[in-house]
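Biologist: Before we discuss empty space and contacts, please place the model before us. I shall then ask on what grounds each term is applied.

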Amino acid sequence: MASNIDSILSEALIERGHLRREDLDPVVMKAAQSSGGLGAFLVQRGMVSEDTVLTVLAERLKLERVDLNRVEIQKAAVDKVPLKIAEYYHFVPIKREHGKLTIGVSFPYETKTQDEIRTHVGCEVELVLAREEEISDAIKKWYGLGAGTIEKILETSTAEGASGVATAEVEEKVEEIEKLAEDASVIKLVNQILLDAFQKRATDIHIEPYRGKVKVRYRIDGVLYNTNVPPAIKKFIMSIVSRIKIMSNLNIIEKRLPQDGRAIVKISGETLDLRISSIPTPSGESIVVRLLPMNRLFSLEKLGLDQSELTMFTRLIEKPHGIVYITGPTGSGKSTTLYACLSMINTDERKIITIEDPVEYEMEGITQIQVIPAIGLDFARGLRSILRHDPDVIMVGEVRDLETAEIAARVALTGHLVFSTLHTNDAASGITRLIDIGVEPYLVASSVEAFVAQRLVRTICSHCKEEDKKQPDEVRAQIAKESGLPSLRDVKVYRGIGCDKCNSTGFWGRVAIFEILLVDDRLREMIMKRVPASEISKIAISKGMRTLRQSGWQKVLGGLTTPEEIFEVAPESISMAGQAVSEIKEVGAVAVPKETAAAASLPAKTSAGAERRIYVRLDAKVNVRYQRAKSASDLSKRNQEPEHLTVTKNLSAGGLVFVAGEPIQLGTILELKVELPTAKEPIECLGRALRVEEVEAGKAYDIAVCFLDLSGVDRMKLDQFVQEKIY
């Protein structure tokens, strides 16, 4: 039999023309047998919207309609009502005034139900109407995530049962989180945390035990936010950790050592790859869970590149050889950019191999290798093995040491396209970083095509976006100056005021800003002269490079982000836009000499005319074998170029000059074997022809070569040999 509220609702819907009587009458009896009443029944079937039901009931019953995301909820009112009562009757306490408790409900209660609530809370109650989802979110927010589950576990479980999850069997299958969130158990509690994090767009979940409490935090759009959890969760921290370990096939007994694992779950129809990491702390194990979508689509267009930047990126990734370095701190989106590049060129005609630590996303058509340091599989060893698999494109997750950098450069010089990452503040600093770890400047200049610095900034929520008229004129003036705008009137900035769509943060998602440094002939000269990164940056800006700061201002002027986000990730020292053009031109005039001779192996003239060298040079005859470098398609194939035996005229630890019977084209990469009398094995490396001088018409030529990938040990041998002969 239909309730009084249902009758009022049905008549009102018919009177207002939302439903016809012949459509409504057949479902009234079915709705009476359901637990949610007529309103919920109609909404579930899609016959009317929830807002329509609430609006009609509010008018007929003279009740107030509220938005719980904007109304102020008193903590004293929440403390007055036990969680068990609020969940059972599905309402949220809002305020308590003059002996009356105001509660938000999704459907008006009958008089009998109101009397039951009045008895439980010990005072009069006043109903206001709110959406069901808002009520559920408010209960979760004010009582704590999983509070109901924890309360039921405490009531129905013994101490052994509460921790019994630790002995559960490991299931090697994809778990559907929503289907498992039914029973009052630690399994349900963990599933609720995962589901809540996914719904809030979190990329990481941090479960951190401290003395007497447990903190749960989500990383959303790069920022950590606390999640309200009930204090009683501290009693189940060991069971929660054990459950997560079981999901990821980790050792639940080992609590003294860090562990890493992974699990695959399905949430709302989407399959997620969970990366779990645990570390021991004095208060228990701390867990971090990273949520990665399994079927993520990567696109350069969606990264935030404008048309000019997209054109430059497209040209870079279509080059036949060379290295493209993506630079930036941890969490700046470097890996995502690399995956987007690989996705764009991932065709059946190309063999693409990656070596990563860890493999973050699995991509069909690409061979991916996971670094395993425990068994000796590091970047350098993996990179050497990759060459025997006939690759066209190689991605190295990160260049961390000299050996990896030198191998990557050698691979690029012999015709492969290489992508990798560096941890630097801006693009020009990538040059300094490589040289600092021991890579020779000529190797950097010869192999690298571009350094791309990037950062991630939060984008303004489109649902609550508005113009920020309170932004100080000083900030707007700085934006205008660094963006080259003539007037403050051209600067409009926006902000998000916060809404339920963006969890009241004002931001939704992130976008990247870029600084693309293309290595041209002029910059190669500067690199070979070891010019500081700041000078290189100035020259690049004078030639049209847009800095991180300027790229960020473009996003601000486009209404995508706020000035505060740009100030956070792009310090003013990086931007050179405020400098006078004349100053930049002046720097460019003195920073780069016209000579292309290598300071490491050939003399460079100072202003006084004296020669300046980094390594001492010895005029001596030493046997050297040379041949043109192998074809890029496969280093494992036998080189078809003939090997020539000749002698040096002079040599140093940076390069040498040898005699050849035929000219060699400038810039040619040569495979060299230098046979020192004091060494049992020849020193093997790559060299680049920098100067060719005819000493006897058509018969003899002096070829000046700089070393490109000479190891530190071999360089020491050469330098020691020269020093001993001279001194």
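Biologist: How many cavities of 30 Å³ or more does the structure hold?

Modeller: In this predicted model, the structure holds 5 cavities of 30 Å³ or more. The largest cavity has a volume of about 60 Å³.

Biologist: What makes Arg-262 and Glu-360 part of the lining of the largest cavity?

Modeller: A lining residue has an atom within 4 Å of a grid point of the space. Arg-262 and Glu-360 line the largest cavity, so each has such an atom. Among the others in this lining are Asp-273, Arg-275 and Leu-292. Strand E10 (270-281) and strand E11 (284-293) each supply at least two residues.

Biologist: How is the lining of the largest cavity divided among nonpolar, polar and charged residues?

Modeller: The division is 4 nonpolar, no polar and 5 charged.

Biologist: Why is the second largest pocket called a pocket, and what volume does it have?

Modeller: A pocket is an open set of points, whereas a probe in a cavity cannot get out. The space of about 1100 Å³ is classed as a pocket, so it is open. Its lining comprises 30 residues, with Asn-69, Asp-137, Lys-200, Asp-500 and Asn-503 nearest the centre. Helix H8 (132-143) is one of the elements that give two or more residues; H8 gives the most, with 7.

Biologist: How do you know that Gln-114 is in contact with Val-125?

Modeller: Their C-alpha atoms are 7.5 Å apart, but contact means heavy atoms within 4.5 Å. Gln-114, in helix H7 (residues 111-121), is listed in contact with Val-125, so heavy atoms of the two residues lie within that cut-off.

Methods: Residues numbered from 1 in each chain as written. Predicted model: local features only at pLDDT ≥ 70, side-chain atom pairs only at ≥ 80, totals over all residues. Heavy atoms only, no water. 1 Å grid on protein atoms, 1.4 Å probe; cavity = no way out; pocket = protein on both sides within 12 Å on 5 of 7 lines; lining within 4 Å. Points joined across faces, edges and corners; volume = space filled by probe spheres on them. Helix = DSSP H or I, 4+ residues; strand = E, 2+ residues; numbered from the N terminus. Nonpolar A, V, L, I, M, F, W, Y, C, P; charged D, E, K, R; others polar. Lists of a residue's contacts leave out its neighbours within four places in sequence.
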